[in-house]
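Dear colleague,

I am handing over the structure we spoke about, together with some notes on what turned up in it. Please have the sequence and the model open side by side as you read.

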Amino acid sequence: MPEGDTVWRLAQRLRDALTGGPLTRCDLRVPRLATVDLTGRGVLDVLPRGKHLLTRFEGGLTLHSHLRMDGAWQIYAPAEHWRGGPAHQIRAILGTADHTAVGYRLPVLDLLRTADESRVVGHLGPDLLGPDWDPAEALRRLLAAPERPLGEALLDQRNLAGIGNVYKCELCFLLHASPWLPVGALPRPERVPTLAKKLLEANKRRPARITTPSARPDRRLWVYGRAGRPCLRCGTGIRTADQDPTAEERVTYWCPTCQPDPRGTRPAGGPEAPRNPIDASSDLSLPSSHASHGV
């Protein structure tokens, strides 16, 4: 599932492609929108809201979409071959004289009045990459259920919007905390929204996400996707387990040495690789190139 930084970049691309001229083509291929035709209307803006996309049109209308696990928006030049998937997976086509945006496998596609956007995104917490970002409010929401495991609380978009499974795992590692540690037991919980904001801001313009001080492809992330491989900090084998039984395709990655759980609530996880220290660094630094993004 795309995370807040990916959706932010997609909104930028859609805005650049669709604004500046009227739609010359509109095809919304979901039953409830089959008769809708927005041809002739201009796209005013495309806004990211956490993991949601809001495409605003002239006349006070907004097309709301969410990618979830498999959805995608692809942008093509007029003569370019569409290659985002078979035709039966297309759910939306928005075209101008210069570009065509094609939405594939979109599980959420709604048309509503722009004035009613809160109906679909009003439940979200402060947006890590949005103008409404409020770290104090995000912290208040996180601590409202102190018994809740940290990993679950981070994934809950009602607390702070934009964190997905990758950032959940990376944040827990950088905080030296087990994903199953209750939020209320986390030392200095105010670090959570601050560090989350730092990571997403650093990566919002990067196609390759980086959370470590290294830009090497095999060392861009501390724990995510590194099951059984040595921890980049201490060498212990990275383990995996489900965050909770209902979390679909949200495997949690963690280092049992760097992320101890004093309450012993974490699952046993997968097999541990042989200890092989690689890098003793334990700071929360990011690659120096991130400085160009205001971190």
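The notes below go through the helices, the loops and some side-chain contacts in turn.

Please keep in mind throughout that this is a predicted model, and that the values below are computed from it.

I begin with two helices, since two packed helices are described by the angle between their axes and the distance between the axes. Helix α5, which covers residues 165-174, packs with α6 at an angle of about 125 degrees, and their axes are 10 Å apart. Angles over 145 degrees would count as roughly antiparallel and those of 65 to 115 as roughly perpendicular, so α5 and α6 are oblique to each other. Their crossing is right-handed. Within helix α6 you will find Leu 199, which is buried, with a relative accessible area of 1%. Leu 199 and Thr 211 are separated by 12 residues in sequence, while their C-alpha atoms are 6.8 Å apart in space.

The loop between α5 and α6 holds two residues whose backbone deserves a look, given that most residues other than glycine have a negative phi. His 176, which lies in this loop, has a positive phi of about 60 degrees although it is not a glycine, and at 34% relative accessibility His 176 counts as partly exposed. Arg 188 is found in the loop between α5 and α6 as well, and its phi is also positive, near 50 degrees. With a relative accessible area of 52%, Arg 188 is exposed, the cut-off for that word being over 50%.

Further along the chain, Thr 236 sits in the loop that runs between α6 (191-203) and β9 (239-242). Although Thr 236 is in a loop, it is buried, at a relative accessible area of 1%. Its side chain is joined to that of Thr 257 by a polar contact of 2.8 Å.

Finally, the rings. How many aromatic pairs does a search of the whole structure find? The search finds four, and one of them is formed by Tyr 76 and Trp 82, which are stacked, with 6.0 Å from centre to centre and 20 degrees between the planes. Tyr 76 is buried, with a relative accessible area of 2%, whereas Trp 82 counts as partly exposed at 25%. A ring also takes part in a contact with a charge: the charged end of Arg 233 sits over the ring of Trp 222, 5.2 Å from its centre.

With best wishes

Methods
Residues are numbered from 1 along each chain as its sequence is written. This is a predicted model: local features need pLDDT of at least 70, side-chain atom pairs count only at pLDDT 80 or more; totals for chains, interfaces and linings use all residues. Side-chain values use heavy atoms; hydrogens and water are left out. Helices (H or I, at least four residues) and strands (E, at least two) are DSSP runs, numbered from the N terminus. Buried means under 20% relative accessible area, exposed over 50%, partly exposed in between (1.4 Å probe, protein chains only). A polar contact is a pair of N or O atoms within 3.5 Å; within protein, one must be able to donate a hydrogen and the other to accept it, and residues adjacent in sequence count only if both atoms are side-chain atoms. Rings of Phe, Tyr and Trp (its six-membered ring) pair if their centres lie within 6.5 Å; planes under 30 degrees apart count as stacked, over 60 as edge-to-face and the rest as tilted. A charge sits over a ring if NZ of Lys or CZ of Arg is within 6 Å of the ring centre and within 35 degrees of the ring normal. Axes are lines fitted to C-alpha atoms, for helices over the stretch in contact, and angles run from 0 to 180 degrees between N-to-C directions. Angles under 35 degrees count as roughly parallel, over 145 as roughly antiparallel, 65 to 115 as roughly perpendicular and the rest as oblique. A crossing is left-handed if the near helix is turned anticlockwise from the far one by less than a right angle, and right-handed if clockwise.
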